[in-house]
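Please open the model in the viewer and keep the selection panel at hand. The tour below proceeds stop by stop, naming what to select and what is found there.

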Amino acid sequence: MRTQESTIDHVTVGAVENRVHRLCRQYAEKLQFHGWHHVSFVRAKAVGFAQHNGADRTVVEVAALVHDVNYLVLRNSPAAAGRSLRMEILAECGVPSRVAQWIDEIIDEAEMATRGRDISLEAQALSDADTLFKALPVTPVVLAHRYLRENGLSLRELAHKIVGEQCDVHDEGYYFYNPEAAATYSRWAMANLQLWQCIKEAVDDPTVVELLDAVHAVDDALAS
């Protein structure tokens, strides 16, 4: 384990927190899934994982705060779509440019769709926290419909996205990088991925499609 490092002072971390919190409140309707509830969860867990693996705690903390600002820029977008806004926020809050660039690289490195087995300790801490949010048993029940609305996706599209991005990573053994996280949460992750695999299969059943169309028709009638 590396010696714990803290590159960013607490005043700067607080400034980033306040800036992101204000954005989340201002655009709460737009960030139904990736709002402050998501940011604060990922931040807390990422800090814990950083403390465990020896990553730079404050760099991980700030990365967690700004990791999803891309959803303010473009719906259903990769982390890289938020680079300009992310760098603007970090500069406004006094994060040195070289550290801001490092944070941006960590966020790209940690992204589920493209991450590999051998990523930095900072990216591992951020990735494990974000992955845990996806694997929580409550996420499909309480939050999945918010993801659909936020990103303009159909249930079929979301099921294909989750299965396509996450199953291979899980099967190859680095769904979680932290051994304790893997031991504690892998059962949740497996259940979640099995659920979405079943959903992916179900939405190709013509009778299920009819059922979903009927439900959507009721929703549309109630909304009108």
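Begin by selecting F33, F41, F133 and Y147, whose rings are linked by ring pairs into a cluster. The model is a predicted one, and its count of aromatic pairs comes to seven. Within the cluster, restrict the view to F41 and F133: their rings form an edge-to-face pair, with centres 5.5 Å apart and planes at 65°. This pair links distant parts of the chain, for F41 belongs to helix 2 (residues 36-53) and F133 to helix 7 (residues 121-135), 92 residues apart. Are the two rings buried or exposed? F41 counts as partly exposed because its relative accessibility is 22%, whereas F133, at 4%, counts as buried.

Next, select Y174 and Y177. The ring centres of Y174 and Y177 lie 6.1 Å apart and the planes meet at 35°, so this pair is classed as tilted. Both Y174 and Y177 are buried.

**Salt bridges**

Change the display to charged side chains. The structure holds 10 salt bridges. Side chains of opposite charge can pair when their charged atoms come close.

Select E61 and R43 for the next stop. Their side chains meet in a salt bridge with an N to O distance of 2.7 Å. This bridge, too, links distant parts of the chain: E61 is in helix 3 (residues 57-66) and R43 is in helix 2, 18 residues apart. E61 has a relative accessibility of 9% and therefore counts as buried; R43, at 15%, also counts as buried.

Move to helix 7 and select D130 and K134. A salt bridge joins these two side chains at 3.2 Å, N to O. Both residues lie in helix 7, four residues apart, which is about one turn of the helix. An α-helix has 3.6 residues a turn, so residues three or four places apart point the same way. With a relative accessible area of 15%, D130 is buried, while K134 is partly exposed at 23%.

The third bridge on the tour is that of R156 with D204, whose closest N and O atoms are 3.4 Å apart. R156 is in helix 9 (residues 155-171), and D204 is in the loop between helix 10 (179-202) and helix 11; the two are 48 residues apart and link distant parts of the chain. R156 counts as partly exposed, because its relative accessibility is 34%. To finish this stop, select E17, R43, R57 and E61, which salt bridges with shared partners join into one network.

**Helix 6**

Select residues 97-110, which make up helix 6. How does the span of helix 6 agree with 1.5 Å a residue? Its 14 residues should span 20 Å at that rate, and the end C-alpha atoms are 20 Å apart, so the two values agree. Now colour the buried residues of the helix: V99, A100, I103, D104, I106, I107 and A110. These buried residues cover an arc of only 155° around the axis, so they lie on the same side of helix 6. Rotate the view to the other side of helix 6, where S97 and R98 are exposed.

**Surface and loop**

Turn on the surface and select V138, V141 and V142. Together they form a nonpolar patch on the surface, with about 280 Å² of accessible area. Of this patch, V142 is in helix 8 (residues 139-151). With a relative accessibility of 45%, V142 counts as partly exposed.

Then go to D220 in helix 11 (residues 206-223). Is D220 buried or exposed? Its relative accessible area is 55%, so D220 is exposed. Adding T207 to the selection allows a distance check: D220 and T207 are 13 residues apart in sequence and 20 Å apart in space, C-alpha to C-alpha.

The last stop is N76, in the loop between helix 4 (70-73) and helix 5 (83-92). What is the sign of phi at N76? N76 has a positive phi of about 50°, although it is not a glycine. Most residues other than glycine have a negative phi. N76 is partly exposed, with a relative accessible area of 35%.

How values were computed. Residues numbered from 1 in each chain as written. Predicted model: local features only at pLDDT ≥ 70, side-chain atom pairs only at ≥ 80, totals over all residues. Heavy atoms only, no water. Phe/Tyr/Trp six-rings, centres within 6.5 Å; stacked < 30°, edge-to-face > 60°. Buried < 20%, exposed > 50% of the residue type's maximum accessible area, 1.4 Å probe, protein only. Patch = residues over 30% accessible without salt bridge, like charges linked within 9 Å, V, L, I, M, F, W, Y side chains within 5 Å. Areas by Shrake-Rupley, 256 points an atom, 1.4 Å probe, with all protein chains shown as cover. Salt bridge = Lys/Arg side-chain N within 4 Å of Asp/Glu carboxyl O. Expected span 1.5 Å × (residues − 1). Arc of directions from axis to C-beta.
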